Amino acid sequence: MRSIWNGAISFGLVSIPIKLVNATESRSVSFRQIHAADGGRIRYRKVCELDGEEVSQAEIGKAYEESDGTMIPITDEDLAALPLPTAKTIEIVAFVPAGEIDPLQMDAAYYLSASGAPAAKPYTLLREALKRSDKVAVAKYALRGRERLGMLRVVDDVIAMHGLLWPDEIRAPEGVAPETPVSVRDAELDLADALMATLGEVDITTLHDDYREAVEQMIAAKAEGGAAVAPPEPEAAGGGQVIDLMAALESSVRAAKEARGEGGGVAGVTELAPRKTSSRTPKETGARKSTSKTAAKKAAPARKSTSKTAGAGSGAAGGKAAAKKSTAKTTAKTTAKTTAKKTAAKKTTASTKKATPRKRSA
């Protein structure tokens with residue numbers, strides 16, 4: 001791979017000569033602009049505004065334009081003379097956990113290659129130190145006329161560098177989130193969890209650009225015979241704004257399961273761990289209360305008294321004790337009533353005997 005920049009990594013007092021190599025490449029299909037009437041190529045020519053003549057690349061320089069339109073020429077020598085320590089050096093300024101780097105800052109990626117045999121030892125030292133620390137290096141470097149921020153990490157046995165945007169280049173997400181307050185039900189979250197679990201994980205190396213393949217096939221077909229590609233069939237009605245979110249989630253879970261060769265039902269939703277909610281719903285509680293009342297009505301009067309007394313106690317032991325007390329009280333009252341009746345009967349008999357006059361003999 002061709003290097004695009006030569007310099008060194010500054011690691012404290014250690015200097016590691018390196019070469020910078022692009023780690024990514026674009027595979028998108030590029031098009032040329034043509035004149036639609038005759039197919040002629042449309043080209044851009046660099047023309048000087050003052051004399052109207054076309055200028056070659058060797059004759060083109062740089063300049064800074066002020067607000068009034070004045071051009072201030074800037075040469076490569078002017079930039080090279082700047083007191084910038086990162087002009088030819090990737091200067092490591094800190095080592096931080098990878099989680100502290102915001103993915104929004106990620107920019108272009110590069111591989112850092114050791115330049116020459118003397119660079120092999122310090123290069124390997126930095127690589128192994130990054131591996132063992134489980135951290136990434138934050139560095140500053142200059143490329144294409146400006147100073148940049150970078151992050152160094154280990155990829156296989158190579159040190160890779162990701163260009164980072166400066167923190168003040170990241171926009172705040174103001175006015176992006178929905179302004180209307182929306183509440184999400186637990187049932188909807190459960191279905192969303194089920195959909196995520198059904199889709200599962202993927203080996204990212206198996207993903208590819210379907211659009212690019214379709215474009216290449218279309219170009220090949222037109223190159224062979226100029227045949228037009230049939231437009232795709234229109235999608236079934238119902239696209240656009242989702243009205244019934246629950247139905248859309250259930251359909252998504254069903255479709256994902258069918259794509260994975262599983263059943264088409266949505267029964268997998270019940271396999272999720274239940275959320276922390278009350279163990280009894282109001283309906284369940286009411287049902288139990290009504291069952292308890294019905295059973296109480298069907299029970300004998302003595303059992304009613306026992307059930308009520310048992311309900312006042314706390315727990316089964318308290319209920320049994322209360323039932324025994326109630327039974328004992330009832331027995332005592334019955335015994336007292338019986339004794340009182342017998343005593344009253346004896347008194348009545350005695351008074352009757354006293355009231356009856358004795359017969360005198362003739």
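**Salt bridges, a buried arginine and surface features of the predicted model**

Lys-131 and Glu-128 are both located in helix H2 (residues 120-133), where three residues, about one turn of the helix, separate them. Salt bridges with shared partners link this pair to Arg-127 and Asp-157, so that Arg-127, Glu-128, Lys-131 and Asp-157 belong to one network. Between the side chains of Lys-131 and Glu-128 the N to O distance is 3.8 Å, which falls within the 4 Å limit for a salt bridge. Lys-131 is partly exposed because its relative accessible area is 38%, and Glu-128 is likewise assigned as partly exposed, at 36% relative accessibility. The coordinates analysed here are those of a predicted model.

At the level of the whole protein, the secondary structure consists of eight helices and nine strands. The protein has 362 residues, of which 16% are classed as buried. Its accessible surface amounts to about 28,700 Å², and carbon and sulfur atoms contribute 56% of that area. Among contacts with a separation of 6 or more, 58% involve residues 24 or more positions apart.

The search for salt bridges over the whole structure returned 10. One of them joins the side chains of Arg-27 and Glu-25, with an N to O distance of 3.0 Å. Arg-27 is classed as exposed because its relative accessibility is 53%, and Glu-25 is exposed with a relative accessible area of 59%. A further salt bridge connects the side chains of Arg-45 and Glu-54 at 3.5 Å, N to O; both of these residues, Arg-45 and Glu-54, are exposed.

Arg-148 presents a charged residue in a buried setting. This residue belongs to strand E8 (residues 146-155). Arg-148 is buried and has no salt bridge, the nearest side chain of opposite charge being that of Asp-107, 4.9 Å away. Because a salt bridge requires a nitrogen to oxygen distance within 4 Å, the separation of 4.9 Å between Arg-148 and Asp-107 does not qualify. A polar atom of the Arg-148 side chain does, however, lie 2.9 Å from the backbone oxygen of Leu-143. Leu-143 is also among the contacts of Arg-148 when neighbours within four places in sequence are left aside; the others are Ala-139, Lys-140, Tyr-141 and Trp-166.

On the surface, Leu-79, Leu-82 and Leu-84 form a nonpolar patch, with a combined accessible area of about 230 Å². Within this patch, Leu-82 occupies the loop between helix H1 (76-80) and strand E5 (89-96). Leu-82 is counted as partly exposed because its relative accessibility is 48%.

Val-14 was examined in relation to residues distant in sequence. Val-14 is part of strand E2 (residues 14-22), and its relative accessible area of 31% places it in the partly exposed class. With residues up to four places away in sequence excluded, Val-14 touches Ile-9 and Pro-122. The C-alpha atom of Val-14 is 9.8 Å from that of Tyr-123, although the two residues are 109 residues apart along the chain.

Terms used: Residues numbered from 1 in each chain as written. Predicted model: local features only at pLDDT ≥ 70, side-chain atom pairs only at ≥ 80, totals over all residues. Heavy atoms only, no water. Helix = DSSP H or I, 4+ residues; strand = E, 2+ residues; numbered from the N terminus. Buried < 20%, exposed > 50% of the residue type's maximum accessible area, 1.4 Å probe, protein only. Lys, Arg positive; Asp, Glu negative; His and termini not counted. Polar contact = N/O pair within 3.5 Å; in protein donor to acceptor, adjacent residues only side chain to side chain. Contact = heavy atoms within 4.5 Å. Patch = residues over 30% accessible without salt bridge, like charges linked within 9 Å, V, L, I, M, F, W, Y side chains within 5 Å. Areas by Shrake-Rupley, 256 points an atom, 1.4 Å probe, with all protein chains shown as cover.
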